[in-house]
Amino acid sequence: MAISTIGFEQFATELTPSQTSGIVYINGGSSVIDGVGFDPRIRVVGNDYRVAAPDGPVYGIPHGGQYFISNAEAETDDILLSTSRVLVESWFGRNEFYGFGGGASAITITAFGASGDLASVSVDLPDTFPGLADPTVMVDSRSFLDFAGEILGYRINRVAIGAFGGQWVADDLRFVDAADVVVPAAPLITIVSDDQGTIQGPLVSGATTDDATPIFSGTAEPGSSVALFDGGVSLGSRAAVAGNGSWSLTPAAALADGSHSVTAIATNAVGLSSGASNVFALTVETTPPAAPVITAAGDDQGIIQGPLVSGATTDDAIPIFSGTAEPGSSVALFDGGVSLGSTTAAAGN
């Protein structure tokens, strides 16, 4: 998926950190950067540009690097970004005009298309350092992905505070090509492994295990990440999918004793999630069963046959032992620690 970040660091050869300029003057006469047309009112600003040089406050604080953009003029709304690419993330901060207070306390980004406005996101810009430029905050606009193929551009508006206008700064705008906005295919759970207790190995769907954190493995879209869910509830862990499409994941917390229906969901780099995978059902039993009870022993060999009491003597070398145990559990007989055989306790016995 073609995702790119416009961070304005490419202008370092044209603009020193103490300068500011319109984009066309430092971008070969063009306002287009990586498929995005920027409003001519937008300026590129260096992180050491000061509104009252040399000792005045810096104009703004970039999210990364040394350069950022600003709406620059005090009375600027409807700042335009012209592009069909989908804006999924950006970083905005409040600029307090010349250090005298004011600035933009909030911004709204609206995606529009041929039919009009499609969607918008709004974010408050905190006044972290009153009277000074403030750090940027992340604007999550992945909701615009729902309108890929319809978007023609974006409008940026602001809430102005104080008498000195409503300026903002912005940096690290992340875009994805509309053609690449594709929901990933549902992943597959292909193997679940028990690596705890005396009985270990692969499990089949519907199995019972004493491993409360079995290893789930499968396939999914390369580059995506996979999370596990139990009946729709997240199991709290996520794994990156390798280049060959494989993934492996253990629940973050132990599964409770009882029945579970586990599925996997893949999420790609821009936050689009797949449908659920195949269901892998398993029952976790980590609590040992209560000790069985031998209630009877029977002699059915020789002249004298019938029930035996503990301590009796018998000529039957293979007497029948009976008793009670947890239904469905396996019961084994031992003689001084040596196994004599086993059976399965019937339901209700």
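**Salt bridges, cores and a buried aspartate**

D78 is partly exposed, with a relative accessible area of 38%, a value that, like every other one in this text, is computed from a predicted model. The side chain of D78 meets that of R155 in a salt bridge, with 3.6 Å from N to O. This pair links distant parts of the chain, since D78 lies in the loop between β6 (67-70) and β7 (79-82), while R155 belongs to strand β12 (residues 151-160), 77 residues apart.

The pair of D78 and R155 can be set beside other charged pairs, for the count of salt bridges in the model comes to ten. One of them joins the side chains of D39 and R41, with a distance of 2.9 Å from N to O. Are these two partners buried or exposed? D39 counts as buried because its relative accessible area is 8%, under the cut-off of 20%, whereas R41, with 33%, is partly exposed. In another salt bridge, D48 is joined to R50, and here the closest N and O atoms are 3.1 Å apart. Of these two residues, D48 is partly exposed at 35% relative accessibility, and R50 is also partly exposed, with a relative accessible area of 28%. Salt bridges can also be joined to one another, as in the network that links D34, R85 and D177.

From the charged pairs we can turn to the nonpolar residues. In soluble globular proteins, nonpolar side chains tend to be buried together. In this model the largest nonpolar core has 42 residues, and those with the most contacts inside it are F38, I109, F144, Y154 and W168. Strand β13 (residues 167-176) gives the largest share of this core, namely five residues. What surrounds F38, if its neighbours within four places in sequence are left aside? Its contacts are I6, F8, I23, S31, I33, I69, L80, L81 and L173. A second core, separate from the one that holds F38, has 21 residues, among them A220, V226, A264 and A266.

The next part of the chain to follow is strand β14 (residues 188-194), which pairs in the antiparallel sense with strand β17 (residues 215-219) over five bridges. Strand β14 also runs antiparallel to strand β15 (residues 201-203), and three bridges join these two. S193 shows both pairings in a single residue, as it stands opposite I215 in β17 and opposite P202 in β15. Between the strands of the hairpin formed by β14 and β15 there are six residues, and in this hairpin G197 takes a positive phi near 80 degrees.

The last stop is D211, which is placed in the loop between β16 (207-209) and β17. D211 is buried yet has no salt bridge, and the nearest side chain of opposite charge, that of R238, is 21 Å away; a salt bridge would need the nitrogen and the oxygen to be within 4 Å, so this pair does not form one. Which backbone nitrogens, then, lie 2.9 Å from a polar atom of the side chain of D211? One of them is the backbone nitrogen of D195, and another is that of T213. Leaving aside its neighbours within four places in sequence, D211 is in contact with S193, D194, D195, Q196 and V284, and among these S193 is the residue already met opposite I215 and P202.

Technical notes
Residues are numbered from 1 along each chain as its sequence is written. This is a predicted model: local features need pLDDT of at least 70, side-chain atom pairs count only at pLDDT 80 or more; totals for chains, interfaces and linings use all residues. Side-chain values use heavy atoms; hydrogens and water are left out. Two strands pair if DSSP finds at least two bridges between them. Helices (H or I, at least four residues) and strands (E, at least two) are DSSP runs, numbered from the N terminus. Buried means under 20% relative accessible area, exposed over 50%, partly exposed in between (1.4 Å probe, protein chains only). Lys and Arg count as positive and Asp and Glu as negative; His and the chain ends are not counted. A polar contact is a pair of N or O atoms within 3.5 Å; within protein, one must be able to donate a hydrogen and the other to accept it, and residues adjacent in sequence count only if both atoms are side-chain atoms. Contact means heavy atoms within 4.5 Å. A nonpolar core is a set of buried Ala, Val, Leu, Ile, Met, Phe, Trp, Tyr and Cys residues joined through side-chain atoms within 4.5 Å.
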